[in-house]
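Subject: Structure for your files

Hello,

Here is the structure I said I would pass on. My notes on helix packing, aromatic pairs and nonpolar cores follow it.

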Amino acid sequence: MAAKETHAAPPPISPMASLGRKIFFDPSLSASGRLSCASCHDPHYAYGPPNSLAVQLGGPDLTSQGPRAVPSLEYTLNRTPIWSKEHPTSRLEQLEETDNSPRGGFGWDGRFNSLRQQAAFPLLAPVEMANASPAAVAQKLSQASYWSELKKVCGDAVSSDPAKAFNCAGMALERFQLEDPSFHPYTSKYDAWLDGKAQLTPQEQRGLKLFNDTQRGNCANCHLSEPGANGTHPLFTDYQFEAIGVPRNPEIRANRNPAYFDLGLCGPLRKDHSDETSFCGMFKTPTLRNVAKREVFFHNGRFHTLREALRWYVQRDTNAAAWYPRAKDGMIESYDDLPAQLRSNVDQVTPPFSRHKGDQPVWSESDIDDVITFLETLNDDYRP
């Protein structure tokens with residue numbers, strides 16, 4: 001008789017993480033009473049946005065618009081390093097060390113070094129859950145069905161100290177995101193292929209080759225595709241920050257002000273590196289796992305299909321007129337989501353960004369088909 005296939009049950013999560021799960025899905029913690037963490041970070045969409053809005057809506061009446069696209073929370077949470085930037089100490093190091101981009105931290109600009117810090121931001125942000133203060137959040141927590149559970153996990157002091165109740169919620173959200181297996185399932189076809197349990201089709205193999213080719217797509221330069229030294233499956237990010245010149249998005253209301261610019265590492269949300277102008281325009285490289293499930297791409301949500309995002313990626317400079325506006329003098333304003341004096345920060349050296357007007361793009365439409373087919377192997381819930 002053939003043995004029955006068995007599946008090990010996922011390990012139980014801690015009481016703190018279980019509390020965090022309840023908080024994550026609770027819309028009553030918002031000023032509107034209708035917005036939870038899961039509203040923007042939907043587990044059915046790899047803990048990313050469940051729609052094609054460039055940026056999500058929040059605030060007391062759910063009409064306020066945030067400044068950036070919602071990233072996925074999957075995979076990178078438990079392996080993201082704290083924000084850091086190495087500074088070469090000698091001229092020799094400056095010449096030899098070419099890959100010293102800032103890296104780490106949570107959020108598009110890496111300004112949070114812990115998930116509990118990151119979790120506190122949307123609870124208080126006026127354009128998100130819009131609570132006036134930590135005390136306002138604590139008041140809502142005291143009315144929640146899980147209040148007794150919160151007191152059991154964090155102590156009775158939370159009843160008389162709103163700051164402790166607020167901090168307890170942050171710690172619980174952190175533990176939920178770190179412990180719950182749904183944030184790092186590793187159930188894609190690519191994972192099965194790495195484990196020798198699936199075969200990539202010829203088209204998927206072509207797409208992977210194009211993805212890795214250092215002289216063409218060169219995607220794996222930032223979206224690492226090889227297993228780690230200890231065999232860990234790749235997360236398709238190097239946690240670093242890059243300025244790649246994504247076009248300005250007119251869907252973002254703040255962009256109606258021509259003087260407004262989202263400069264990533266040097267502001268406006270992040271304040272501690274506002275004087276380091278070489279950082280301006282840099283945003284963290286996101287994971288590409290489950291990217292084919294998304295309907296909004298890049299930090300400003302400029303593109304709404306994967307094909308369009310990939311076309312821009314390989315045609316940014318070879319056909320800039322297709323992606324950027326013209327100034328009054330008729331010249332194309334490449335990298336128009338940065339002030340003119342900062343556009344030199346944009347990568348114009350690393351393939352495929354090393355090509356120029358009139359050059360042949362590194363990928364044809366057929367190549368893009370192949371790359372999309374490969375990227376679909378990064379979707380979880382693969383069934384042979």
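Which residues are buried in helix α9 (residues 202-212)? In this predicted model, they are Glu204, Gly207, Leu208, Leu210 and Phe211. These residues lie on the same side of α9, because the arc they cover around the axis is only 165 degrees. Pro202 and Lys209, on the other side of the helix, are exposed. The packing partners of the buried residues of α9 are α8 (189-194) and α11 (365-375).

One residue to look at alongside this is Phe374. Neighbours within four places in sequence aside, Phe374 is in contact with Glu204, Gly207, Leu208 and Phe211, and also with Tyr190 and Phe236.

Nonpolar cores

The largest nonpolar core contains 39 residues. Phe211, Leu310, Trp363, Phe374 and Leu375 are those with the most contacts inside it. At least two residues of this core come from each of α9, α10 and α11, and α10 gives the largest share, with 6 residues. Another core, of 36 residues, lies apart from this one and includes Leu35, Leu115, Val137 and Cys168.

Aromatic pairs

The model has 24 aromatic pairs. In one of them, Phe24 and Tyr47 meet edge-to-face, at 5.8 Å centre to centre and with 70 degrees between the planes. Phe24 belongs to helix α1 (residues 15-24) and Tyr47 to the loop between α2 (37-40) and β1 (57-58), so this pair ties together parts 23 residues apart in sequence. Both rings' residues are buried: Phe24 has a relative accessible area of 2%, and Tyr47 has one of 3%.

A second example is Trp312 with Phe353, a pair that counts as tilted because the planes are at 50 degrees, with the ring centres 6.3 Å apart. Here the parts tied together are 41 residues apart in sequence, since Trp312 is in helix α10 (residues 306-315) and Phe353 is in the loop between α10 and α11. Trp312 and Phe353 are both buried. They also belong to a cluster linked by ring pairs, together with Phe298, Phe303, Tyr313, Trp323 and Trp363. Trp363 thus appears in this cluster and in the list of residues with the most contacts inside the largest core.

Charges over rings

There are two cases to note. Arg111 has its charged end over the ring of Phe121, 4.6 Å from the ring's centre. Arg248 lies over the face of Phe261, with 4.8 Å to the ring centre.

Regards

Note on methods: Residues are numbered from 1 along each chain as its sequence is written. This is a predicted model: local features need pLDDT of at least 70, side-chain atom pairs count only at pLDDT 80 or more; totals for chains, interfaces and linings use all residues. Side-chain values use heavy atoms; hydrogens and water are left out. Buried means under 20% relative accessible area, exposed over 50%, partly exposed in between (1.4 Å probe, protein chains only). Helices (H or I, at least four residues) and strands (E, at least two) are DSSP runs, numbered from the N terminus. The arc is that of the directions from the helix axis to the C-beta atoms. Contact means heavy atoms within 4.5 Å. Rings of Phe, Tyr and Trp (its six-membered ring) pair if their centres lie within 6.5 Å; planes under 30 degrees apart count as stacked, over 60 as edge-to-face and the rest as tilted. A charge sits over a ring if NZ of Lys or CZ of Arg is within 6 Å of the ring centre and within 35 degrees of the ring normal. A nonpolar core is a set of buried Ala, Val, Leu, Ile, Met, Phe, Trp, Tyr and Cys residues joined through side-chain atoms within 4.5 Å.
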